[in-house]
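Here is a set of short exercises with worked solutions. Have your viewer open, try each task yourself, and then follow the steps.

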Amino acid sequence: MRGQNLRKVTVADLVAAKNRLSKYLNKTPLVTSELLNIHLGGKVYMKLESLQPTGSYKIRGALNKSISLKEEYGDGVSTITASSGNHGLSCAYAAKLLGMQSKVYVPVTTPQIKKDSIKALGAELVEIGATYDESFIKAAEEANSSDTLNYLHPVSDVDVVAAQGTIALEILEQMEDVEQVIIPLGGGGLSSGISFAFKNLKPSVKVISVMPEGSDVYVQSRKVGKLIEIDNPHSIADAVVRRCGEEYLFPYIEENVDDIITVSEDSIKEAIKIASVYGKVTLEGAGAMPLAAILENKELLNKKTALICSGGNIDSKLFNECLNK
């Protein structure tokens, strides 16, 4: 698709992304909460990507790619994308920041807060399909038939992967003795970027990616050694629900992610609750999955661990449900 770049990621791409993003985004905090640590029975550090301007890490990839497109095509560049919410919100924010036009396809099941925010930022919103995969097909069809729209893929693009890898660069600056990182895994851009950065800059760091039990495509794909599709993917962690994985990212995940594990829906809900009650942090389902992994396996506390709290754009009804659990 026009605008998409599928060449191999390099360390130089990480540096370029860091330099681009530093002009627009602040480094997100890496914090620990004593009350949360007491509750868990061990110490964790939370990388609060939920405090990004759009409420999720997705702004890194969307903004880096948008700047790259503007550098290549000039000020008149416009973007189109499909998203389950956070990426679309970030594309809309990046477009507004850079003075670009943006069109965002989302599944009808996308939380209302994300749809309202996308429209508020000035992007054209199209609601279609029950899942991200259905929205992607329609958005890709429009991109392929256009001479002006550049597809901004949420995960499969060198500039997106490199931008997500800047999270690892920040963690290494904030906690150079980090031993382990736990990452939400959906499409794979976040896990690919962070794992690539750590395995090239500090390979001793153990990288664990987490998927919901009901949407475990990369777990199943790793078992058979190739990408497969799963039936009826589902989870309250809407940002990571996927029927299939990404051909571009699968090799990065297989090479650099040490373990891929799953967590239950109950654990995700409990993690949302205790993050709020004890950690004083609001997390959406995907952002709470690394903490859910800790709840299910306390042995993960044996290493100095950074949890990638990827986003905080949670539907109010679901949030209240989790708090009252």
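**Exercise 1. Locate E299 and state whether it is buried or exposed.**

Step 1. E299 sits in the loop that runs between α12 (285-296) and β10. Helices (H or I, at least four residues) and strands (E, at least two) are DSSP runs, numbered from the N terminus.

Step 2. The relative accessible area of E299 is 60%, so E299 is exposed. The classes are these: buried is under 20% relative accessible area, exposed is over 50%, and partly exposed is in between (1.4 Å probe, protein chains only).

Step 3. To place E299 against another part of the chain, take V210: the two C-alpha atoms are separated by 15 Å, and the residues are 89 apart along the chain.

A word on the input: this is a predicted model, in which local features need pLDDT of at least 70, side-chain atom pairs count only at pLDDT 80 or more, and totals for chains, interfaces and linings use all residues. Residues are numbered from 1 along each chain as its sequence is written, and side-chain values use heavy atoms, with hydrogens and water left out.

**Exercise 2. Work out how strand β2 is enclosed and which strands pair with it.**

Step 1. Count the burial. Strand β2 (residues 44-48) has five of its five residues buried, so β2 is largely enclosed by the rest of the structure.

Step 2. Split the strand by face. In a regular strand the side chains alternate between the two faces of the sheet. For β2, V44, M46 and L48 are buried on one side, and Y45 and K47 are buried on the other, which leaves both faces covered.

Step 3. Find the partners, where two strands pair if DSSP finds at least two bridges between them. Strand β1 (residues 30-31) runs antiparallel to β2, joined by two bridges, and V31 has M46 as its bridge partner. With strand β10 (residues 305-309), β2 pairs in the parallel sense over five bridges; here M46 stands opposite L307.

**Exercise 3. Trace the chain through β3, β4 and β5, and give the handedness of each crossover.**

Step 1. Start with β4 (residues 101-106): five of its six residues are buried, so the strand is largely enclosed by the rest of the structure.

Step 2. Add the strand before it. Strand β3 (residues 78-82) and β4 are parallel, with five bridges between them, and A82 is partnered by Y105. The chain goes from β3 through helix α4 (residues 86-98) to β4, a right-handed β-α-β crossover. Right-handed here means that, with the strands pointing away from the viewer, the path from the first strand over the helix to the second runs clockwise.

Step 3. Move on to strand β5 (residues 124-127), which runs parallel to β4 and is joined to β4 by four bridges. V106 stands opposite E127 in β5. The route from β4 to β5 passes through helix α5 (residues 112-120), and this β-α-β crossover is right-handed.

Step 4. Look at the loop between β4 and α5, where T110 is placed. T110 has a relative accessible area of 5%, so T110 is buried. Beyond its neighbours within four places in sequence, T110 is in contact (heavy atoms within 4.5 Å) with S83, S84, G85 and K115.

**Exercise 4. Find salt bridges that link distant parts of the chain.**

Step 1. Fix the criterion: a side-chain nitrogen of Lys or Arg within 4 Å of a carboxyl oxygen of Asp or Glu. The structure holds 22 such salt bridges.

Step 2. Take E71 and R20, whose closest N and O atoms are 3.1 Å apart. E71 is in helix α3 (residues 58-73) and R20 in helix α1 (residues 11-21), 51 residues apart. E71 is exposed at 53% relative accessible area, whereas R20 is buried at 17%.

Step 3. Next come R60 and E170, with an N to O distance of 3.0 Å. R60 lies in helix α3 and E170 in helix α7 (residues 158-174), so this pair ties together parts that are 110 residues apart in sequence. Both R60 and E170 are buried.

Step 4. Finish with K103 and E142, whose closest N and O atoms are 2.8 Å apart. Because K103 is in strand β4 and E142 in helix α6 (residues 132-144), the pair ties together parts that are 39 residues apart in sequence.
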